[in-house]
Amino acid sequence: MTITLQHYLFLSLVMFTIGMVGVVVRRNALIIFMSIELMLNAVNIAFLAFSRWSGLMEGQVAVFFVLAVAAAEAGVGLGIIVALYRNKPTVYVDDLRLLRG
Amino acid sequence: MNWFQFLGLTLPWLIVLGASLTVLFLGTLMKRGAHAVSMAISLLSLVAALFLSWQHWVADVTVSMGMMSFGRMTFLGWMVIAIASIFTVLLSHDYLARRKLGHPEYYSLILLSTVGMASLIAGSHLMLIFLGIEVMSIAVYALAGFLRHRLSGNEAALKYFLTGAFASAFLLLGIAFIFGTTKTMDLTVLAEQLPTVLSGDMASWFLFGVAMVLIGFAFKIAAVPFHAWAPDAYDGAPTPITQFMATAVKAAAFFALLRVASPLVVAVGPGWAKTLWLLSAATMIIGNLAALMQDNLKRMLAYSSIAHAGYALVAFPTLSTQTPELVHGVIFYLIAYTFMTAGSFAIVAFAQGQGESADVSHVAGLAKRHPWMAASFTIFLLSLTGFPPTLGFFGKYFLFSGAIKNGSIGLVVLALLSSAVSAYYYLRPIVVMYFHESREGVLERTSPATSLVAVVTIAFLAILYFGIFPSDLLAIVQRSGM
Amino acid sequence: MLNFIYQHFSIQTVAWLIVAFPLVGSIINWLIAAATSKKETEAFRGLTAFVGVGFPLLAFLAVGICYLTLIGFDGVDPKFVTGPLFQWAAGPGLTIDIGLNLDQLSLVMALVVTGVGTLIHLYSVGYMSHEPAYARYFAELNLFLFFMLILVLADNLLLMFVGWEGVGLCSYMLIGFWFEDIAKATAGSKAFIVNRIGDAAFLLGMFLIYGVMAAAQADPAHGYLNFATMASNSAAFAPVATIVALLLFVGACGKSAQIPLYVWLPDAMAGPTPVSALIHAATMVTAGVYMVVRLNFIYVLSPTAMEVVATVGAATAIFAATMGITATDIKKVLAYSTVSQLGYMFLACGVGAFSGAIFHLVTHAFFKALLFLGSGSVIHALHGEQDIRKMGGLKHKIPLTCWTFVIGSCALAGIIPTAGFFSKDAILWHAYSSGHIGLWLVGFVAAGMTAFYIFRLVGLVFFGQTTLSTDQWKKVHESPVSMLIPLLLLAGLSIGGGLFGVPEVMGGGDILGHWLSSIVPQVISHGGEEMHSQEIVLMVITSLWGLHFTVLGWVIYTQKRAWPIKMAEKLGAMYRLIANRYYIDEIYDALIVRPLVSFSRAFLWKGVDDVAIDGLVVYGTARSIGVFGRLASLLQTGVLQQYLLYFLIGAVIIVGYIAL
């Protein structure tokens, strides 16, 4: 069996969906964030696959940008979670219902 | 590529970037007075950016360079975000000083976020647009939780951050698929390749990518049903940052959406019109209805800002490269919206004083104690409602008459009805300000800071002046081309 | 004098001065209000009154000059005075000039607005003299006049809308003038909200007009919304005339208090009485009628819209008249009467008698302003009492108010030869002669009721025995001169104002009809002897009908009925006859009046008004909006997963629509 572009895209979309479901069903902020990372990496696979099949380097460069952005997001995101934890020792997002209505 | 010209064109934001880094280093060097100095540097750099953008606009340069394309529309967008950020910086000083939180990194983050917006507006390459959005957003995630000792601030930041990162993944997936199917991320090349792509066998993957990008943008402009983060994030964030999110962030996202959408609409066909119709209708209806129930002024304005995004979306179903009047209508509306929203949030920041939030009852008796503040707030609210001769009325007038001309009658009917409903909640603070007695001690001791008065005054004058002479502003918008 | 003005000013300048004067007056009074907010001085009150009355008077004089110019007083042929001041918005198809349009129609309106307006300002000097926020009151009233003149003189629909919203806003401020009273503030918001419903329809109609004109490629020299541009391209409206006309009519219903949007007007009586006279009787509420007449070229294209306008007008006329019979608050009676008379004006528009509508608008402005000012004088004399059942016999104490009020009532009842007779007769005759016999009958019955309720009011308030306590009675005093002068002048106009529209069968020239002939279509041809005799017969019937109810209302409601009894005793031989008449009155009372009153109380007032209109339309809207609002904010649970779920639902919809 030859591996085609479609296979990679399928893998990418499956990973993306797993991440998406993880974000919606999990309550732990850290795991939600890990699921988001999973989604971003799924996109990276798509970028790489497209880049490899079209022979354009742009897609590979894009992956580096995505990695950098994900790192920056992680920095800010974990900072927010730590600040939250200091005020209220919980990482479960459904404990946070101060703002609503 | 002429690097000198490129440096010249991006100079406004290089200055702001430089100011951002300076402020950051300053924080480590200075112990006392850092707050005032960093505020002054930020303000100066933004005013310089505004001035230089205006100069570019006057010089009327149209050129594409690398991943950016410059033109009057770009410069106009830059001016809008510069003005919105100036308002934020002005509001912030007093707000942070009262809470003893005057840290330089706050200003540094605002400036960084503004640089992100500038590249988002100028970007003609999907990767740059993505990076612009991320630079803009990541800074705002941190700013939203800047009151880090307050649980509501943490909650707002976390909710905004998680949903924002989630939406980014969608946007990015869309970009990947558009890249994969068209073999380019450059918007101009993309527009040329559309016919071939759409007739090819990858057409549905391409459309999937377009849908994903649209989702990413719908999140940024807080269109229903991607809006749910907005009221909570607006509510928990420091009021100047709420103003920043409601004006600068939203305006930048709309400018970018206009640029991305105009070539795509025709390609996508009827599905686009249907989707945008639904988005627009749902956004203005849900936004206005939810705003009715709010006692908290910040939440009320948050929903109102959702509703206004819905009005701006009225132009999108029939948008194309052949409809300049729609593009101009949206941009005119955004400018009007920026002034009236910034002004309203300034009043909220004043009414809330040291408190966590401002309820409608906080403005009771404002008319007696601070008649000019009350009069300005009245004008802002009337403008938000769409009363002539305020700027808000002409925003709606140009937008909706353009939409009617292009056949969106049903949507305009909905918009007018829901804006009639909006009179209920915009009216309430006016009644309370003028007809209710103030509660003891709420407004008694406070008098507005000079910087806050400056924001209110500028917004007030802009709304009245451009309400009476809308053609001045319209001419600027119309001469900006597409 | 006039030559001097012509030498120094162009007539365009004078035209702009008309609107500028009240604005200047308003600004000066705002400044005075701001300056004296801490401490008030007598000198400033004098200045306020001087400015507040002076500037409207100057505006009136400016209108007068324009009028003289328009009729060719200076020897030049009659001409139109129009002048764009500056371009408001420019661009392809978006051009709008800020321009004034002084033609026959707007000039008539401007004369009424500034003339009656000046008198009411003068009246306010006395009426509001005990008011602490004197300067603010005049500032708001002058501002109202400014917006009203913008509305009337605008040469395009958009500028008219600016005036339209502006008068609404001023009305809202003035209804809630007494800040401290929360109920009054709420009444203000009710007026505001009902008007918003109308405004949404108006705006939509305006956007449709814009779309039609853009599609028709009309010459946009002054913009698509210019009245002249619209009129010369009126053929383009044919396909959408009905919907445009009806949308605008909904807007007119909001402003001019027609079914079902009339609910705000009786509540608006919470404001000071001169405000009720100026805004809620003479000027602002007639804006809807003015707009329909101004845009008559759209209405005549759609017979359906005309029928709707006429039917709503007639229904409002009779419905509000029954409400007038049951009301007990002196101002509420007049408020319902205003609603009813506005209904007549729309009836006239609907049957094509646009000049008749304007005629009635003008005479109504005279006599209704008179009645409101008279009621203000009564309230002033009684220190705030408004319940007519607690009055009586006041003619002895305040004779001048009494007799001017009676004159106004005669005009309202349509007694020959007052102004009201001619204008109401013109409407009824046009309704009849254009073949709307049913609508004529409704208007005819309502005319009888009108005479009945207003003379019921006169009887209860001014005649018979008083029901006031001796203490109260002693304190009753006639109003100051500044309040009496407007009453006398308006009484004169209420009698003589009809001369402008004496129909041709009575030897008059129908001056107003000819004056407006270049603007509104002449649909009624007074052809044939037979028509003439019919017209005269109807006129006689109408006037007898009105007179009959006048006497009826007065006799039944004069308290203790002292006068008829005394008369009967004195005239021994006539006793039987008078007793008989009395008997007839009782029958009337039992068979017609009582059932009518209880019917309107039980069904129209409680049923239709309170439940259907007030409950369903106004509060129902408010309540359902509240329910939906609560639902919408229930979506915002605070739980992040739920937010993400909405996100996913939206994502699925978008992908489904775009990619599949």
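Q: What share of the contacts in chain C with a separation of 6 or more comes from residues 24 or more positions apart?
A: This is a predicted model: local features need a pLDDT (the predictor's confidence in each residue, from 0 to 100) of at least 70, side-chain atom pairs count only at 80 or more, and totals for chains, interfaces and linings use all residues. Residues are numbered from 1 along each chain as its sequence is written, with chains lettered from A and ligands numbered from 1 in the order in which they are written. A contact here means two C-beta atoms, placed from the backbone, within 7 Å. For chain C, the share is 80%.

Q: What percentage of chain C is buried?
A: Chain C has 26 helices and two strands; these are DSSP runs, H or I over at least four residues for helices and E over at least two for strands, numbered from the N terminus. A residue is buried with 20 or more other C-beta atoms within 10 Å of its own, exposed with 12 or fewer, and partly exposed in between; the C-beta atoms are placed from the backbone. Of the 660 residues in chain C, the buried part is 58%.

Q: Which element of chain C has the lowest mean pLDDT?
A: Chain C averages 79, and 78% of its residues score at least 70. Helix α12 (residues 287–294) of chain C has the highest element mean, 92. The lowest, 53, belongs to helix α24 (residues 562–570) of chain C.

Q: Which element gives the largest share of the side of chain B that touches chain C?
A: The contact takes 53 residues from chain B and 49 from chain C. Elements giving two or more residues to the chain B side include α6 (151–182) and α11 (270–292) of chain B. The largest share, twelve residues, comes from α17(B).

Q: How many charged residues are on the side of chain C that touches chain A?
A: Chain C gives ten residues to this contact and chain A eight. Ala, Val, Leu, Ile, Met, Phe, Trp, Tyr, Cys and Pro count as nonpolar, Asp, Glu, Lys and Arg as charged, and the others, Gly among them, as polar. The chain C side has five nonpolar and five polar residues; the charged count is zero.

Q: What is the radius of gyration of chain A?
A: Chain A has three helices and zero strands. The globule rule (2.2 Å times the number of residues to the power 0.38, with the radius taken over C-alpha atoms) gives 13 Å for 101 residues. Chain A is well over that, so it is more spread out than a compact globule, at 17 Å.
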